[in-house]
Amino acid sequence: MRRISWMLAMVLVLSVLLAACGKKDAAAVVKDLNEVVGEMESYQGAGVMTLHTGDTPQQYKVEVWHQKPSYYRIALTNAKKDITQIVLRNDEGVFVLTPSQNKSFRFQSNWPDNQGQVYLYETLIRSITGDSTRQFVDEKDSYVFDVAANYNTHALVRQKIWLNKADYAPKQVEVSDSNANVVVDVKFDNFKFGAEFGKDAFDMQRNMTAATEGNIGEGAPANQAKEEGSATNPQSSTEQQPASDSSGGVSDGQTGISGSDEQEGAQDPASTEQGTEEPTMTVPEDSEGFGVIEPTYVPEGVKLKDDQIVEESGNYSVLLRYEGMYNYTIFEARPQDRAVSLAPSRVVDLGFTWGMMSGDALQTLTWMYDGIEYRITSADLPENEMKQIALSMQEQSGK
């Protein structure tokens, strides 16, 4: 009897020791995360991002591909309208693509090295390992970190990151403001390390044509799309040529826009309206005008000075001027079929799409929405204020 009791005691002790060995603390997990990132060659993830910045939460499907050393493809899709915009990085530079309108921006940049993104694995792990005051919780199937948010904006302060215990893949991210209100929420449906991509998965022209053909979509490996025989010769149609081809090349550090007349009325993948209101910006194809969008957010101490409608050489545009604590102008226009070179610029994450920031003393933020090109220009308006104005504009309908 005494022998049986001793054996039971030993079994209990061994069970406790094994359980203790299997449970990791924050330091052990952080060490593992550094090893995962150091050995990581590629990954592919997909999920849903929700922005809680307006009256109605807005949802976007997010698909992320990454392959070392520095190839990235992020597809951001309006969950309601199924319209996609793509940001791409390859050996030629960084591209922001609007496939449905055959428009592209290209510029030299080290994005995303210099700018964090809530749906990029490296950004999340860097936030965890870089915060010495991190908070850690061991849940049933997840390790949960509460750390400082580092997204180049004062509006986002903290973030909670859920990692799968089995392989440290991200499961969910919640980014909050100074009042602990969740501003951005990302839930990953799937995430795979060691993903294999076709040789043209990060090719600009391939992504322009495949996206319009519906061959490279959510969760579809690029090599699978190629094997299905959907690839086309990018030189076979002049409508598919980006500005860098049709204009004889866009110099490094510059931005190009191209499009075709018959696609001009198509909706831009940057359009991400998720509320109950339907945008009224789109007009008949033979109309030269469009509705005027006024931002619902205006910085404190600033008011609208005037607005002007300009019709020149068949082009229609709107100019809004604001003055007060900050002075800035908002330009709205429907681009025609042309190639345009702008000043050297960098990528700016607007949440619902990507914009291009150019200039030094006089800065201009440019982005596309529902076929309309927007520009905010100012010598004293902070970048964070520009982002908030842009975000408030994409929720509105034209007058």
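Which residues in helix 2 meet which residues in helix 3? In this predicted model, the helix 2 side of the contact is made up of Val30, Leu33, Asn34, Val36 and Val37. Their counterparts in helix 3 are Tyr121, Ile125, Ile128 and Thr129. Sorted by character, the residues of this contact comprise seven nonpolar and two polar ones, with no charged residue.

The geometry of the pair can be described next. Two packed helices are described by the angle between their axes and the distance between the axes. Helix 2 spans residues 26–39 and helix 3 spans residues 121–129; they pack at an angle of about 150°, and their axes are 10 Å apart. Angles over 145 degrees count as roughly antiparallel, so helix 2 is roughly antiparallel to helix 3. The crossing of helix 2 past helix 3 is left-handed.

It is helpful to place this pair within the whole chain. The protein chain contains seven helices and 18 strands. Of its 399 residues, 50% count as buried. Among contacts with a separation of 6 or more, 57% come from residues that lie 24 or more positions apart.

Attention now turns to the sheet. Eleven strands make up an open sheet with antiparallel pairing, and their order is 6-5-4-3-2-1-11-10-9-8-7. Strand 6 (103–107) and strand 7 (135–138) are the edge strands, each pairing on one side only. On average, and with direction ignored, neighbouring strands of this sheet are turned by 15° against each other.

Two of the strand pairings can be looked at in detail. Strand 7 runs antiparallel to strand 8, and four bridges join them. Together, strand 7 and strand 8 form a hairpin with three residues between them. Here Asp138 stands opposite Tyr143 of strand 8. Elsewhere, strand 4 (residues 83–90) and strand 5 (residues 93–98) also run antiparallel, joined by five bridges. Arg89 has Val94 in strand 5 as its bridge partner.

How, then, do the two helices relate to these strands? Helix 2 lies across strand 7, strand 8 (142–148), strand 9 (158–164) and strand 11 (182–193), and runs at about 90° to strand 8. Helix 3 also packs on the sheet, where it touches strand 1 (42–51), strand 2 (58–67), strand 3 (71–78), strand 8, strand 9, strand 10 (170–176) and strand 11. The direction of helix 3 makes about 110° with that of strand 9.

Conventions: Residues are numbered from 1 along each chain as its sequence is written. This is a predicted model: local features need pLDDT of at least 70, side-chain atom pairs count only at pLDDT 80 or more; totals for chains, interfaces and linings use all residues. Side-chain values use heavy atoms; hydrogens and water are left out. Axes are lines fitted to C-alpha atoms, for helices over the stretch in contact, and angles run from 0 to 180 degrees between N-to-C directions. Angles under 35 degrees count as roughly parallel, over 145 as roughly antiparallel, 65 to 115 as roughly perpendicular and the rest as oblique. A crossing is left-handed if the near helix is turned anticlockwise from the far one by less than a right angle, and right-handed if clockwise. Contact means heavy atoms within 4.5 Å. Ala, Val, Leu, Ile, Met, Phe, Trp, Tyr, Cys and Pro count as nonpolar, Asp, Glu, Lys and Arg as charged, and the others, Gly among them, as polar. Two strands pair if DSSP finds at least two bridges between them. Buried means under 20% relative accessible area, exposed over 50%, partly exposed in between (1.4 Å probe, protein chains only).
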